[in-house]
Number of protein chains: 2
Amino acid sequence: MFSQITIIGFGLIGSSFAKAVKALYPKTKIICLDTSAEVCEIVLQDQLADDATTNFAEGVANSDLIFLSTPVGVMGEVCQKISPALKSGAILIDTGSVKQAVIDQIVPHIPDTVDFIPCHPIAGTENSGPRSGFAELFVKRWFLITPLSSNKAENIQKISDLWTEIGSKVEIMDAKHHDLTLAITSHLPHLIAYTIVGTATDLGDDLRSEVIKFSASGFRDFTRIAASDPVMWRDVFLNNKEAVLEILQRFNEDLTDMQKAIRRSDGDKLFDMFSKTRAIRKHIIDAGQA
Amino acid sequence: MFSQITIIGFGLIGSSFAKAVKALYPKTKIICLDTSAEVCEIVLQDQLADDATTNFAEGVANSDLIFLSTPVGVMGEVCQKISPALKSGAILIDTGSVKQAVIDQIVPHIPDTVDFIPCHPIAGTENSGPRSGFAELFVKRWFLITPLSSNKAENIQKISDLWTEIGSKVEIMDAKHHDLTLAITSHLPHLIAYTIVGTATDLGDDLRSEVIKFSASGFRDFTRIAASDPVMWRDVFLNNKEAVLEILQRFNEDLTDMQKAIRRSDGDKLFDMFSKTRAIRKHIIDAGQA
């Protein structure tokens, strides 16, 4: 498939991809390129890749596939730095949770001899860092490709085949549509979880320790989501601002309706609102995504 | 311990309690009292209790322990109906997720010869009905008792001992303090989850089917929470109005801050807000509640 792959940004996604590739193609050489010397040291120590470097040119020089899994906010800058050293004919894919802003950042830096295919594996845990990865992270999860008109069909096919082998379900999608869909399914839920856990953090000491102690289902799930990597999520919100603000506006209107119904003790309204949400859960279970 | 127990309202909590008691005390006679003839039929068919009835007086007549696990909104009415038939010396416990409103509803109907001890097992799943129960539901979960000044110490001890045997961690708490704590850890998270899943339900058909298809961690967790029993949750919000509205007000202020930071592209502010929430997750893991 690929004889050498460079993974830039060796966190949860990068290290999971390394393990998934090694399991399928033990002979493929994997290079870790990370700006943190500490991360490179861990990667070498734990043999998570065949080599590790903080040097941009060295890191990408001979690779057929560049896998860009840094936070979204630095992707443009990273591409500017690797650009002169990219091998002619190489494929570059990113893993950003936002697509249009990433495309706008990256495209200006990529030479015509390299095919940049924007991608997004929908998978993750609340853990981060080079030791958080595992080969099965992407199994049965979606891998979305939001191609550019300039992408070569055979390269899209190559990436699609690799991810199918890894165990993901691959789908082609429009970048703008991707950003709106993800704003609902992922970005807003994370924002809400961060907010509610933040509200609890600001409580007086006594009440806060009770909240921790008696943390029930509901809040407990939110704390897991709100433990996700802050740099990654900061960048998501900065780069998908428009779609997130639009969905947040709708959410706020609906929350105001709930608040009104509680204040007015309108039991019928509450019951109706709490009933209609069961259907969507059933659809998700039926779709095998639960 | 108890020779006969009546479980009123044979849903997730009631059926789980029945299984937990039967596992510990096979000789204890368990009576299901439920206003639904269909539920009683299932209970008898699946042998979930030794007997089942829709008749209030018959259901409680000879029981030493009455376990009230109906939705919060009907607890007062149920107690009024069982009151004349309660055995002298019996203990009555409820399982309401709200305590002060339940106490206010129930106390007027309970004769002096019966000891009503307000309780709340903090456990649940998104499933409901007589077939959703399992004996281990309460294991390692909190069982909160918010006693009345009239409760006999030996009866509180008896209930505490039973729940310790079931595997719960028992704690005594003030009713008002309970209601505020649970408003944060459980009621607000459920309200938010219902709202966000409701927002998604109202999307156009195309976008909604995409949301279901690509439902990622975050939204997926919310749909699970938002599939919880609508009657139970309607009653929780109607009966813990004051505490929920207070916490909701704080949450709204914090969400407005988040919204502002996104609109202004204030990355530092977002990073700070996303970083402080990690600490509370760590405390919850340390407290063994994760």
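Which residue forms a salt bridge with D235(A), and how far apart are the closest N and O atoms? In this predicted model, the partner of D235(A) is R234(A), and the closest N and O atoms of the pair are 3.0 Å apart.

**The surroundings of D235(A)**

D235(A) belongs to helix 10 of chain A, which covers residues 230-239. With a relative accessible area of 3%, D235(A) is buried, because buried means under 20%, whereas R234(A), at 22% relative accessibility, counts as partly exposed. Apart from the salt bridge with R234(A), the side chain of D235(A) also reaches the backbone nitrogen of G73(A), at 2.7 Å. When residues up to four places away in sequence are not counted, D235(A) touches P71(A), V72(A), G73(A) and V74(A), so that G73(A) appears both as a residue in contact with D235(A) and as the owner of the backbone nitrogen that its side chain reaches.

**The interface of chain A and chain B**

The size of an interface is often given as the accessible area lost when the parts come together. For chain A and chain B this buried area is about 8,700 Å², with 71% of it on carbon and sulfur atoms, and 88 residues of chain A are in contact with 88 residues of chain B. Across this interface the rule finds 30 residue pairs in polar contact, both residues being at pLDDT 80 or more. Several elements of chain A each supply at least two residues of the side that touches chain B, namely strand 8 (142-145), helix 7 (175-201), helix 8 (205-213), helix 9 (219-225), helix 10, helix 11 and helix 12 (267-286). The largest share of that side of chain A, 19 residues, comes from helix 7. By residue class, the side of chain A that touches chain B divides into 44 nonpolar, 24 polar and 20 charged residues.

One residue that shows the contact between the chains from the other side is E210(B), which has its place in helix 8 (residues 205-214) of chain B. E210(B) is buried, with a relative accessible area of 16%, and, leaving aside its neighbours within four places in sequence, E210(B) is in contact with M173(A), H177(A) and T181(A).

**Salt bridges between and within the chains**

Side chains of opposite charge can pair when their charged atoms come close. Over all chains the count comes to 26 salt bridges, and across the interface of chain A and chain B the rule finds 7. Among the salt bridges of the model are the four listed here.

| Salt bridge | N to O distance |
|---|---|
| D235(A) and R234(A) | 3.0 Å |
| R250(A) and E246(A) | 3.1 Å |
| K81(B) and E77(B) | 3.5 Å |
| K213(B) and E171(A) | 2.8 Å |

The pair of R250(A) and E246(A) lies within helix 11 of chain A, where the two residues are 4 residues apart, about one turn of the helix. R250(A) is partly exposed, with a relative accessible area of 30%, and E246(A) is likewise partly exposed, with 37%. Helix 11 itself (residues 241-263) has 23 residues and reaches 32 Å from its first C-alpha to its last, close to the 33 Å expected at 1.5 Å a residue.

In chain B, K81(B) and E77(B) are 4 residues apart in helix 4 (residues 75-82) and are therefore separated by about one helical turn. K81(B) is partly exposed, with a relative accessible area of 42%, and E77(B) is partly exposed at 45%. Beyond such single pairs, salt bridges that share partners join D221(A), R281(A), E126(B) and R224(B) into one network.

**Residues with positive phi**

Most residues other than glycine have a negative phi. Q47(A), however, has a positive phi, near 50°; Q47(A) lies in the loop between helix 2 (37-45) and strand 3 (51-53) of chain A and is exposed, with a relative accessible area of 70%. In chain B, K140(B) has a positive phi near 65°. K140(B) is found in the loop between strand 7 (119-121) and strand 8 (142-145) of chain B, and K140(B) is exposed, with a relative accessible area of 62%. A positive phi, near 50°, also belongs to S265(A), which follows helix 11 of chain A.

Note on methods: Residues numbered from 1 in each chain as written. Chains lettered and ligands numbered in written order. Heavy atoms only, no water. Polar contact = N/O pair within 3.5 Å; in protein donor to acceptor, adjacent residues only side chain to side chain. Contact = heavy atoms within 4.5 Å. Expected span 1.5 Å × (residues − 1). Buried area = accessible area lost by both parts, 1.4 Å probe. Salt bridge = Lys/Arg side-chain N within 4 Å of Asp/Glu carboxyl O. Nonpolar A, V, L, I, M, F, W, Y, C, P; charged D, E, K, R; others polar. Buried < 20%, exposed > 50% of the residue type's maximum accessible area, 1.4 Å probe, protein only.
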